[in-house]
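Welcome to my notebook. I picked one residue to follow, then turned to the cysteines.

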Amino acid sequence: MLTTTTTKVLEPGELDAALAVLDREPVANAFVAARVQVAGLDPWRLGGEMWGWYAGGRLESLCYAGANLVPICAGPEAVRAFADRARRAGRRCSSIVGPAEATAELWSLLEPHWGPAREVRAHQPLMVAHAMPADIRPDPHVRRIRKDEMDVIMPACVAMFTEEVGVSPLAGDGGLLYQARVAELVGAGRSFARIEDGRVVFKAEIGAATTHACQIQGVWVAPEYRGRGLSETGMAAVLRYALREVSPVASLYVNDYNTAARAAYRRVGFREVGAFMSVLF
């Protein structure tokens, strides 16, 4: 039995304990919780390890260590323990992302060893919506993308990712992993778009989904269509799908400097309840 504070890689038999931690903050933890609910704790299926921090033999905090490093319900002592483990393991992730306070502390401890980062986004408001807006009509042309429309949606997904992250998702492996992720969302019925003349003019995905909350991501409007209100009516359409068919709460996080997007989301009914932070390598 673990009787002192310590960290270790969780074993598959600790799934219920891990889910109990994730359920403490179901909105903030939706991304990781959705993966764990599908894949369990096996690193091969999960796409990374799940580290646990224990106090007095009880699992108190988690850290997902895969393509992203994500602290979960982690106070200062747990963050220090996770930073030490990450430093010893060496950087394997392309980003650190999570609740702003814990992520900032984690990065302050890792920056001397892993820095400099390509970009640090220190404050990304976390927004939630529980109901549809009363004064915005969902765009009737926004619909689910079909499996035979991958060639239509991919250029928009690549453009969104490149604009948002600053690098193309086609770099490295030629986009195989990214295309597989897009195909996964399309196959699950969680990719939405408005298409005109064979071209996507608005798109968004429900990227993570649990019974408690879902997370909308990848919101994008074609540059020449911006300023026409498509982000509001399009988001209202996606929000309707999310609340009716997926979870009782929809969430997203957005860069603080993107004032236009934040205003659009507020008009659709989202409100700010916290903040995330992202460190990009």
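**Entry one: Glu 49.** I looked up Glu 49 and found it in strand 2, residues 49-55. Strands here are DSSP runs of E of at least two residues, numbered from the N terminus.

A note on what I am reading: this is a predicted model, where local features need pLDDT of at least 70, side-chain atom pairs count only at pLDDT 80 or more, and totals for chains, interfaces and linings use all residues. Residues are numbered from 1 along each chain as its sequence is written, and side-chain values use heavy atoms, with hydrogens and water left out.

**Entry two: its surroundings.** Is Glu 49 buried or exposed? Glu 49 is partly exposed, because its relative accessible area is 28%; buried means under 20%, exposed over 50%, and partly exposed in between (1.4 Å probe, protein chains only).

Next I checked contacts, meaning heavy atoms within 4.5 Å. Leaving aside neighbours within four places in sequence, Glu 49 touches Val 9, Cys 63, Tyr 64 and Ala 65. I also noted that the C-alpha atoms of Glu 49 and Ala 242 are separated by 29 Å, with these positions 193 residues apart along the chain.

**Entry three: cysteines.** How many disulfides are there? I counted 0 disulfides, taking a disulfide as a pair of cysteine sulfur atoms within 2.5 Å. For Cys 63, the nearest cysteine sulfur belongs to Cys 93, 8.9 Å away. For Cys 73, the nearest is that of Cys 63, at 12 Å.

Cys 63 counts as buried because its relative accessibility is 0%. Cys 73 counts as buried too, at 16% relative accessibility.

Terms used:
Helices (H or I, at least four residues) and strands (E, at least two) are DSSP runs, numbered from the N terminus.
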